[in-house]
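Trainee: Could we go through this structure together, one question at a time, so that I can learn how to read it?

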Amino acid sequence: MVKKRASRSRAARTGPSGPDRTSSSIDEMLLAALERGDDSFQTGRYLATFKEGATDAGIKALSSVRGMRLADARDFSRQSVRMQDVGDADALVFPEIGVALVGGDAAATRGLTATAEIAADSAIESIDPEYFVFIDGTEEQFRRISGIITPAAVASPGDYLRGFMRAAETITADLYRGGGIPAPVGDTEEEALVLGATWGLVACRVPTSSRSGNGIRVAVLDTGMDLGHLDFAGRALTTASFVGQPVQDLHSHGTHCIGTACGPLAPAGTTPRYGVGYRTAIFAGKVLSNSGSSVGGSVLAGMNWAIANRCPVISMSVGGPGGPQPYYTAAGQAALNNGLLIIAAAGNAASPTGAPANSPTIMSVAAVTETLVPASFSNFGKIEISGPGTNVFSSVPRPTRYGFKSGTSMATPHVAGCAALWAETSPSLRGLLLWRRLQSTARPLPFPASRVGSGLVQAP
Amino acid sequence: MAKTATTWVVTTSGDRPLDDIAADLRKRGFKVKKVLREINSITGTGGADLAAKARQVSGVTDVSPDVPIEIGPPNSSDTW
């Protein structure tokens, strides 16, 4: 292994003073973000992810080829690194996870930014901006989220975090209410004012079900999840990212879908119940980037992960136009062979069902409205079942916390959540048998099967 | 810096060890990125002529170019 060692103590005397050094404190970076009016939530630093099994080569690439001074987490007791202790290092390497945190100046001067083109034979898989992760509350929560960095690394973070969150809320409110930017249609974010349950859960007869999905593993392959959302505190949570970005959801689509499939029985305050499988084990696989884009290879890697973890229910509110793809069909078959069921959104283009939902081995979901008619946007053709898909209320990342969205993307986690409830009723209800049970118990709707499949999904 | 080559998804029948198939693909110029054992697929990069070559490998049932997926930007009403 070739490493150019950094001095731990030199930085305190002569190190650069910019806010995006590797050793910058979160306080410094938050202040800098506030001063530049940046609401992108980027810290200014970058995360270089090494290819699988190429950590040593990646370290060599950064030190020998790029001439960076590196600090290595292995040099610290129990690999617990306080950022201010990395001195004048250009980058801090976390060998256990194959990632290097690179200071903004060091990255820029060496062409290592998120927009840089990476050679196919490079040991570096991707370079992505580092984002702030917001937390509400305890040091234990922070330790759980970060995994590596000790709470001491963010000495006195509370005031700045709360201030930054208030600023973000104010900016958002100004933009949508008085800044001349209309709120997105179908995505109106507002606080719920009534107790009870969402229309979708009521339509699927979830509130009257005695089932909770207890212990059933539900994989949601999407844009990740807001890991610090208080509605999910204490829940069994397994995460993985396949797009080179942290699992933390900066898009909102993934957090919304997970909320519907797995959200709590009784959210705090006056918020209505919006989640189906409130005792499920959540597997959040990030297969879509924070900009909402991806490629089939990343989605397949997420499907592979969900199957490897033997998740009986795999929810996929992702897709694209075009005919069935053989690789999605094969993945769906692999899931069924293992007693697992992949449930996917048909799509919102008012056109034939897209991929992967159009694969014969994957259950396709259409969207219906509050009046239980097919949503105008819902794709058609190969449709197995329907779910509530307009004005769906669910969780979104903090600081907003809750919001409404529409789409077959929202119908799909209703079906996935109900699938988890059915799976709880019998260990034999898995794979194709679970598929058939969902269809045989669906509420018939007076529309062609090409629009609504067997009807509206129902809880047991 | 070299430009990124076309990304391919190779689907296999599951009747032959994936590592053997991956080795044969490499011989034909395929740069293996991921071997997805649970779903019997291999992703990787290679030239535009790779598909025809890869289809000749025993156990390969399909070779398709990877396709982009887009659900729309954050907070967009235009999702998938």
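Trainee: Let us begin inside the sheet of chain A: which residue of E11(A) is the bridge partner of A:Ser315?

Mentor: Please keep in mind throughout that this is a predicted model. E10(A) and E11(A) pair in the parallel sense over 4 bridges, and A:Ser315 belongs to the E10(A) side of that pairing. Its bridge partner in E11(A) is A:Ile343.

Trainee: Through which helix does the chain cross from E10(A) to E11(A), and is this β-α-β crossover right-handed or left-handed?

Mentor: After E10(A), the chain passes through helix H10 of chain A, residues 326-337, before it arrives at E11(A). This β-α-β crossover through H10 is right-handed.

Trainee: On the other side of the pairing, which residue has A:Ser315 as its bridge partner in E10(A)?

Mentor: Here we look at E6(A), which pairs with E10(A) in the parallel sense, again through bridges, of which there are 4. The residue whose bridge partner in E10(A) is A:Ser315 is A:Val220.

Trainee: Which residues of E10(A) point the other way from A:Val313 and A:Ser315?

Mentor: In a regular strand, the side chains alternate between the two faces of the sheet. In E10(A), A:Val313 and A:Ser315 point one way, and they are buried, as are the residues that point the other way. Those residues are A:Ile314 and A:Met316.

Trainee: How many bridges join E6(A) to E8(A), and which residue of E8(A) is the bridge partner of A:Leu221?

Mentor: Strand E6 of chain A covers residues 217-222 and strand E8 of chain A covers residues 281-286, and the two run parallel. They are joined by 6 bridges. Within this pairing, the bridge partner of A:Leu221 is A:Gly285.

Trainee: Which strands stand at the edges of the open sheet?

Mentor: The sheet has 7 strands in the order E7-E8-E6-E10-E11-E12-E13 of chain A, with parallel pairing. Each edge strand has a single partner strand, so one side of it is left without a neighbour in the sheet. The strands in that position are E7 (237-241) and E13 (385-388).

Trainee: What is the average twist from one strand to the next?

Mentor: The twist is taken between successive strands of this open sheet, whose order runs from E7 to E13 of chain A. Its average is 25°.

Trainee: Which helix lies across E11, E12 and E13 of chain A?

Mentor: It helps to set two helices side by side: H9(A) lies across E6, E7, E8 and E10 of chain A, running at about 175° to E6(A). The helix you ask about covers residues 431-440 and runs at about 50° to E11(A). That helix is H12 of chain A.

Trainee: At roughly what angle do the axes of H8(A) and H11(A) cross?

Mentor: Two packed helices are described by the angle between their axes and the distance between the axes. For helix H8 (residues 253-262) and helix H11 (residues 408-425) of chain A, the axes come within 7 Å. Their crossing is right-handed, and the angle is roughly 35°.

Trainee: Where is A:Arg401, and what is its phi?

Mentor: Most residues other than glycine have a negative phi, and most peptide bonds are trans. A:Arg401 lies in the loop between E14 and E15 of chain A, and it is partly exposed, with 19 other C-beta atoms within 10 Å. Although A:Arg401 is not a glycine, its phi is positive, at about 80°.

Trainee: Which residue is joined to A:Pro399 by a cis peptide bond?

Mentor: A:Pro399 is placed in the loop between strand E14 (392-395) and strand E15 (402-405) of chain A. The cis bond that leads to A:Pro399 has an omega near 5°, and it comes from A:Arg398.

Trainee: Finally, which element gives the largest share of the side of chain A that touches chain B?

Mentor: The contact takes 43 residues from chain A and 34 residues from chain B. Strand E9 (293-295), H9 and H10 of chain A each supply at least two residues of the chain A side. The largest share, 9 residues, comes from H9(A).

Notes:
Residues are numbered from 1 along each chain as its sequence is written. Chains are lettered from A and ligands numbered from 1 in the order in which they are written. This is a predicted model: local features need pLDDT of at least 70, side-chain atom pairs count only at pLDDT 80 or more; totals for chains, interfaces and linings use all residues. A residue is buried if 20 or more other C-beta atoms lie within 10 Å of its own, exposed if 12 or fewer, and partly exposed in between; C-beta atoms are placed from the backbone. Axes are lines fitted to C-alpha atoms, for helices over the stretch in contact, and angles run from 0 to 180 degrees between N-to-C directions. A crossing is left-handed if the near helix is turned anticlockwise from the far one by less than a right angle, and right-handed if clockwise. Two strands pair if DSSP finds at least two bridges between them. Two residues are in contact if their C-beta atoms, placed from the backbone, lie within 7 Å. A crossover is right-handed if, with the strands pointing away from the viewer, the path from the first strand over the helix to the second runs clockwise.
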